[in-house]
Amino acid sequence: MYVIAHPDDEAMFFAPSIIQLNNFNKIYVLCLSNGNFAGLGKTREKELEKSCEVFDIEPPVTLDVPKL
């Protein structure tokens with residue numbers, strides 16, 4: 001399982017690992033934010049889903065804690 005802070009981390013930092021490990025393991029992604037800093041959260045969530053699709057891994061689980 002990969003735990004990432006926000007969408008695009010899977011591609012920017014872990015792509016080589018995901019590609020290699022996906023040959024022998026089932027990969028999951030847990031994203032701790034939808035990346036809504038600039039109001040693009042829903043768009044970035046969809047980009048993360050597409051990225052996981054390209055990597056041929058399960059759809060990601062995205063958590064987003066609202067500002068308190």
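This is a short chat about a few residues in a predicted model.

Me: Let's start with P60. Where is P60 found?
Reply: Happy to help! P60 lies in the loop that runs between α2 (41–54) and β3 (61–62).

Me: Is P60 buried or exposed there?
Reply: P60 is buried, because its relative accessible area is 14%, and the cut-off for buried is under 20%.

Me: Which residues does P60 touch, leaving out those up to four places away in sequence?
Reply: On that count, P60 is in contact with V29, L48, E49 and C52.

Me: And how many residues apart in sequence are P60 and D9?
Reply: They are 51 residues apart in sequence, and their C-alpha atoms are 12 Å apart in space.

Me: New topic: E45. Where is the place of E45?
Reply: E45 sits in helix α2.

Me: Why does E45 count as buried?
Reply: E45 counts as buried because its relative accessibility is 19%, and buried means under 20%.

Me: What does the side chain of E45 make a polar contact with?
Reply: With the side chain of N34, at 3.0 Å. Leaving out residues up to four places away in sequence, E45 touches N34 and also T62.

Me: Now the surface. Which residues make the nonpolar patch?
Reply: That patch is made by M1, V3, Y28, L32, V61 and L63, and covers about 570 Å².

Me: Let's pick Y28 from that group. Where is Y28 found?
Reply: Y28 is in the loop between α1 (9–21) and β2 (29–31). With a relative accessibility of 37%, Y28 counts as partly exposed.

Conventions
Residues numbered from 1 in each chain as written. Predicted model: local features only at pLDDT ≥ 70, side-chain atom pairs only at ≥ 80, totals over all residues. Heavy atoms only, no water. Helix = DSSP H or I, 4+ residues; strand = E, 2+ residues; numbered from the N terminus. Buried < 20%, exposed > 50% of the residue type's maximum accessible area, 1.4 Å probe, protein only. Contact = heavy atoms within 4.5 Å. Patch = residues over 30% accessible without salt bridge, like charges linked within 9 Å, V, L, I, M, F, W, Y side chains within 5 Å. Areas by Shrake-Rupley, 256 points an atom, 1.4 Å probe, with all protein chains shown as cover. Salt bridge = Lys/Arg side-chain N within 4 Å of Asp/Glu carboxyl O. Polar contact = N/O pair within 3.5 Å; in protein donor to acceptor, adjacent residues only side chain to side chain.
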